[in-house]
Structure formats: structure tokens, C-alpha cells
Amino acid sequence: MAGIDLDAARRRRLAAAAEKAQAAQAEYTVGEEPIIFGGVTVAVLPAELPLAVWEPLIGIPYLPLLLRSLVEAAQSQGEQQTQAASLIVDVLGSEPTLPSDLLAAAAEMGRRLLGEDGFARLMEQRPSHTDVFELVRALSAKYFSGGAGLGELMGPSGSPSSGGTTSKPTSSGTTGSMPAVSGGVPVTLDSSAPDAS
């Protein structure tokens, strides 16, 4: 019996990422992508979203109802949108700790994805809610079928979702060696691509 070869599946995904990078003439370690904010590289995203990132959401009361309400509000118009928005307010009001629970979970998810140092550097830049929204949009495009689903749900962005560079940082304090726009540079395929576990 052949079994289920997750290693082979991961190799296929990373090979597809390498082909995509080559087509875009980008330079980066396969699957990795830096986050540029405030003129510095605050963190480098892993090739694939680690499952542990979702763990802080477990056990938050009313979260499924809230998420369903958010989806309905985003997909509806007119009176239906008003009703969905009203339901969101009702859910938030019925569980007094839900807003703080969600903020704490989001912060922990950020730490698990960006690492303690990366999350701290991001917070040092004092991101606005719009900055965070753009980061979530970019994460959706990177990790969820090229932006299908959640990315489409969020609607069009005023700026490109992948707005950072695509080269590896040389230090945590500067981006002097990182071009603002990639292009025309050969692809760097690093066999030591990070493990997504």
C-alpha cells in the first residue's frame, strides 16, 4: 500500500511556487515573503500557513455565529446588509468578553505567524486598522488559493496586495539592499525552504 505522502504533496506545492516566481521574474526563497512596513522588513512569512496559527481561536464563544454574520454582511446589500450588521452588534453585545477575546486571539495568531520579534517590530510601527486589513488581505491571497474565498469576500484593494519586495532581508533594521519593486532578477531557489509545520 502506497500510503499518503504529504512530503511529495509539499514538494509539488513548492515547485508550483517556484514556477510562479520564475514567471514573475521575482527573487526570493521559494514560498517565503517579507513584510515591509515603516521602511523595514518586520518579518518573513513562511511558505505555508502553520496549522498552529489557528489554535488561539478555539473556544471563543459565539465566534462561528460572528463569522457567519460577517460573511453575510459582506455578501449582502441594502436591508439585508443592515440586518447582518445588526446581528454582529447583537453578538458582540451578548458576550462582553468577545471583543477582547478576539483581539487577544488575533495578537497571538500574529505572534505564531510572524514570530515574537516580527510581531513586536510590526507593532512598533503602530499599524492602523487599514494597515492590518491590507495585511490580512495579502495573507489571504498568499495562503488561500491565490486569494479566492476570503480575498474575494473582502473586495478590491486600493493598492496591490503583495506590495512588498520579494527578496530576503539582509538585516532587521534596514531594507537598503532590497529593491522596492521586483523584476528582471533571476529566481533564487533555495533547497532549505522553511518547514511549514
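What distance should the 17 residues of H3 span at 1.5 Å a residue, and how far apart are its end C-alpha atoms? In this predicted model, the expected span of H3 is 24 Å, and the end C-alpha atoms are 25 Å apart, so the two values agree. Helix H3 covers residues 78–94. The description below begins with the whole chain and then returns to this helix and its surroundings.

The protein chain contains 6 helices and 2 strands. Read from the N terminus, these elements follow the order α-β-β-α-α-α-α-α. The chain has 197 residues, of which 29% are buried. Of the contacts between residues at least 6 apart in sequence, 65% join residues that are at least 24 apart.

Three residues of H3 are buried, namely Ala84, Ile88 and Val91. When H3 is viewed down its axis, the buried residues fall within an arc of 65°, and they therefore line one face of the helix. The face turned away from this buried side carries Glu79, Val89 and Gly93, which are exposed. The cover over the buried residues of H3 includes H2 and helix H4, the latter formed by residues 98–124.

The pairing of H2 with H3 can be described in terms of their axes. Helix H2 comprises residues 63–75, and its axis comes within 8 Å of the axis of H3, with a crossing angle of roughly 160°. An angle over 145 degrees counts as roughly antiparallel. H2 is therefore roughly antiparallel to H3. The crossing of H2 past H3 is left-handed. On the H2 side, the contact is made by Leu65, Leu66, Arg68, Ser69, Leu70, Glu72 and Ala73. On the H3 side, the residues involved are Gln81, Ala84, Ala85, Leu87, Ile88, Val91 and Leu92. Ala84, Ile88 and Val91 thus appear both in this contact and among the buried residues of H3.

One residue of this contact, Leu66, was examined individually. Leu66 is located in helix H2. Its relative accessible area is 4%, and since buried means under 20%, Leu66 is classed as buried. Leaving aside residues up to four places away in sequence, Leu66 touches Ile88, Val91, Leu92, Leu98 and Leu102. Leu66 and Val91 are 25 residues apart along the chain, while their C-alpha atoms are separated by 6.5 Å.

Helix H4 also holds Glu108. With a relative accessible area of 27%, Glu108 is partly exposed. In sequence, Glu108 and Trp54 are 54 residues apart, whereas in space the C-alpha atoms of the two residues are 9.4 Å apart.

Helix H5 consists of the 15 residues 129–143. From its first C-alpha to its last, H5 reaches 21 Å, close to the 21 Å expected at 1.5 Å a residue. The buried residues of H5 are Arg137, Leu139, Ser140 and Tyr143. Viewed down the axis of H5, these buried residues fall within an arc of 165°, so they line one face of the helix.

At the other end of the order of elements, helix H1 spans residues 6–24 and includes Lys20. Lys20 has a relative accessibility of 62% and counts as exposed. The C-alpha atoms of Lys20 and Gly31 are separated by 9.9 Å, the two residues being 11 apart along the chain.

Positive phi values are found in two loop residues that are not glycine, Tyr62 and Arg126. Tyr62 is placed in the loop between strand E2, residues 40–45, and H2. Its phi is near 65°. Tyr62 is partly exposed, with a relative accessible area of 39%. Arg126 belongs to the loop between H4 and H5, and its phi is near 50°. At a relative accessibility of 72%, Arg126 counts as exposed.

Note on methods
Residues numbered from 1 in each chain as written. Predicted model: local features only at pLDDT ≥ 70, side-chain atom pairs only at ≥ 80, totals over all residues. Heavy atoms only, no water. Helix = DSSP H or I, 4+ residues; strand = E, 2+ residues; numbered from the N terminus. Expected span 1.5 Å × (residues − 1). Buried < 20%, exposed > 50% of the residue type's maximum accessible area, 1.4 Å probe, protein only. Arc of directions from axis to C-beta. Axes fitted to C-alpha atoms, helices over the stretch in contact; angles between N-to-C directions. Parallel < 35°, antiparallel > 145°, perpendicular 65-115°, else oblique. Left-handed = near helix turned anticlockwise from the far one by under 90°. Contact = heavy atoms within 4.5 Å.
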